[in-house]
Amino acid sequence: MLGRDHALSGAVAFAALATSLHVTESYLAAGVVLTAGAGVLPDIDHPDSTIARSFGFLTEWFAWVVNRLSGGHRHGTHSLLGIAVFTAGAYGAGLFQLSGSKTIASGHLAFSWHIVPAILVLALLYSSALRALRIGGHYSDLLGIAAALATCFTGADLTQLTVGSWHVPLLAAATGLGCAAHIAGDELTHGGCPVLWPVSMHEFHLLPRPLQFTTAKLAETWIIFPLLLVGLAVAVWHATGHPLVIPQPSK
Ligand SMILES: [Zn+2]
């Protein structure tokens with residue numbers, strides 16, 4: 001699947017679940033964009049992917065390391081273990097931020113090393129979402145960094161979302177959801193994903209063979225992409241409090 005469609009699928013997933021996650025409207029935009037960024041995160045195992053090129057040689061080097069550690073492209077980062085590692089990383093960055101958040105709570109914008117991991121994760125997710133969706137042009141990375149700073153200093157990334165009986169910070173929830181959407185997307189293609197890596201290398205698919213498509217071919221451009229756009233519009237409409245079905249007037 002193309003980076004653009006992976007990002008859109010992450011955005012759709014967050015917007016579709018926003019009501020059940022009890023996301024208030026002010027956090028909806030941040031959640032949608034962060035999940036779009038996390039939607040391209042598993043491809044950090046490929047040095048030529050959108051996300052690997054987001055911050056030049058820094059992210060290219062990181063992608064090279066991830067590629068080696070995860071057994072190559074579409075292996076470890078495209079598995080349940082990969083989702084768990086990415087989510088734990090985002091959760092850990094949030095915990096570290098929280099441990100030094102006295103200055104944020106008191107309303108003073110002061111630098112603390114405790115915010116650095118969270119800002120790096122946020123900047124990576126925002127910038128790769130903007131790049132994948134081709135928003136902001138040459139300024140997409142700057143916009144991503146600005147959004148990361150604003151999110152971190154307001155503590156918006158630590159907002160607790162209700163997932164069943166758990167409370168999960170926005171950043172960790174967006175990361176887990178985006179990675180899951182990515183893997184589901186690749187499972188619609190002929191390639192599939194080794195979900196149980198490293199236990200098994202079996203490639204899992206969500207569709208029977210005749211319905212699977214090849215990345216960047218006609219089916220993705222003319223069916224998947226328009227469906228994702230419509231899905232996003234409908235999900236955001238619903239998440240902002242509009243009913244999906246117009247109630248019939250009672251007689
Ligand atoms: Zn992928």
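1. Donors here are N, O and S atoms within 2.8 Å of the metal. Keep that in mind for the zinc site. The model is predicted. Along the chain, the donors of the zinc ion follow the spacing D-x34-H-x103-H-x3-D.

2. Which residues coordinate the zinc ion? They are Asp43, His78, His182 and Asp186. The two aspartates use OD atoms, and the two histidines use NE2. The distances run from 2.1 to 2.4 Å. Asp43 sits in the loop between helix 2 (25-38) and helix 3, while Asp186 sits in helix 8, so this pair ties together parts that are 143 residues apart in sequence.

3. Next, the geometry of the site. The angles among the four donor atoms span 89 to 174°. A tetrahedral site would need all angles between 85 and 135 degrees. The site of the zinc ion is irregular.

4. Are the aspartates at the zinc ion buried or exposed? The cut-off for buried is under 20% relative accessible area. Asp43 has 13% relative accessibility, so Asp43 counts as buried. Asp186 has a relative accessible area of 1%, so Asp186 is buried too.

5. Now the salt bridges. How many are there? The count comes to three. One of them involves Asp186, a residue that also coordinates the zinc ion. The side chain of Asp186 meets that of Arg74, at 3.3 Å from N to O. This pair links distant parts of the chain, 112 residues apart. Asp186 belongs to helix 8 (residues 170-186). Arg74 belongs to the loop between helix 3 (56-69) and helix 4 (80-99). Arg74 has 18% relative accessibility, so Arg74 counts as buried.

6. Another salt bridge joins Arg131 and Asp141. Their closest N and O atoms are 3.1 Å apart. Arg131 is in helix 6 (residues 116-132) and Asp141 is in helix 7 (residues 140-154), ten residues apart. The two ends do not share a burial class. Arg131 has a relative accessible area of 30%, so Arg131 is partly exposed. Asp141 has 16%, so Asp141 is buried.

7. A further salt bridge links the side chains of Asp5 and Arg4. The N to O distance is 2.9 Å. Both residues are buried.

8. Turn to helix packing, with helix 1 (residues 3-17) as the starting point. Its axis and that of helix 9 (residues 218-239) come within 8 Å. They cross at roughly 25°. Angles under 35 degrees count as roughly parallel, so helix 1 is roughly parallel to helix 9. The crossing of helix 1 and helix 9 is left-handed.

9. Helix 1 also packs with helix 8. Their axes come within 8 Å and cross at roughly 125°. Helix 1 and helix 8 are therefore oblique to each other. Helix 1 passes helix 8 in a right-handed crossing.

10. Finally, helix 4 and helix 6. At what angle do they pack? The angle is about 140°, and the axes are 7 Å apart. Over 145 degrees would count as roughly antiparallel. Helix 4 is therefore oblique to helix 6. Their crossing is left-handed.

Conventions
Residues are numbered from 1 along each chain as its sequence is written. This is a predicted model: local features need pLDDT of at least 70, side-chain atom pairs count only at pLDDT 80 or more; totals for chains, interfaces and linings use all residues. Side-chain values use heavy atoms; hydrogens and water are left out. A salt bridge is a side-chain nitrogen of Lys or Arg within 4 Å of a carboxyl oxygen of Asp or Glu. Buried means under 20% relative accessible area, exposed over 50%, partly exposed in between (1.4 Å probe, protein chains only). Helices (H or I, at least four residues) and strands (E, at least two) are DSSP runs, numbered from the N terminus. Donors are N, O and S atoms within 2.8 Å of the metal (3.2 Å for Na, K and Ca); water is not among the atoms, so sites may look incomplete. Four donors count as tetrahedral if all angles lie between 85 and 135 degrees; four count as square planar and six as octahedral if opposite donors are over 155 degrees apart and all others between 65 and 115; anything else is irregular. Axes are lines fitted to C-alpha atoms, for helices over the stretch in contact, and angles run from 0 to 180 degrees between N-to-C directions. Angles under 35 degrees count as roughly parallel, over 145 as roughly antiparallel, 65 to 115 as roughly perpendicular and the rest as oblique. A crossing is left-handed if the near helix is turned anticlockwise from the far one by less than a right angle, and right-handed if clockwise.
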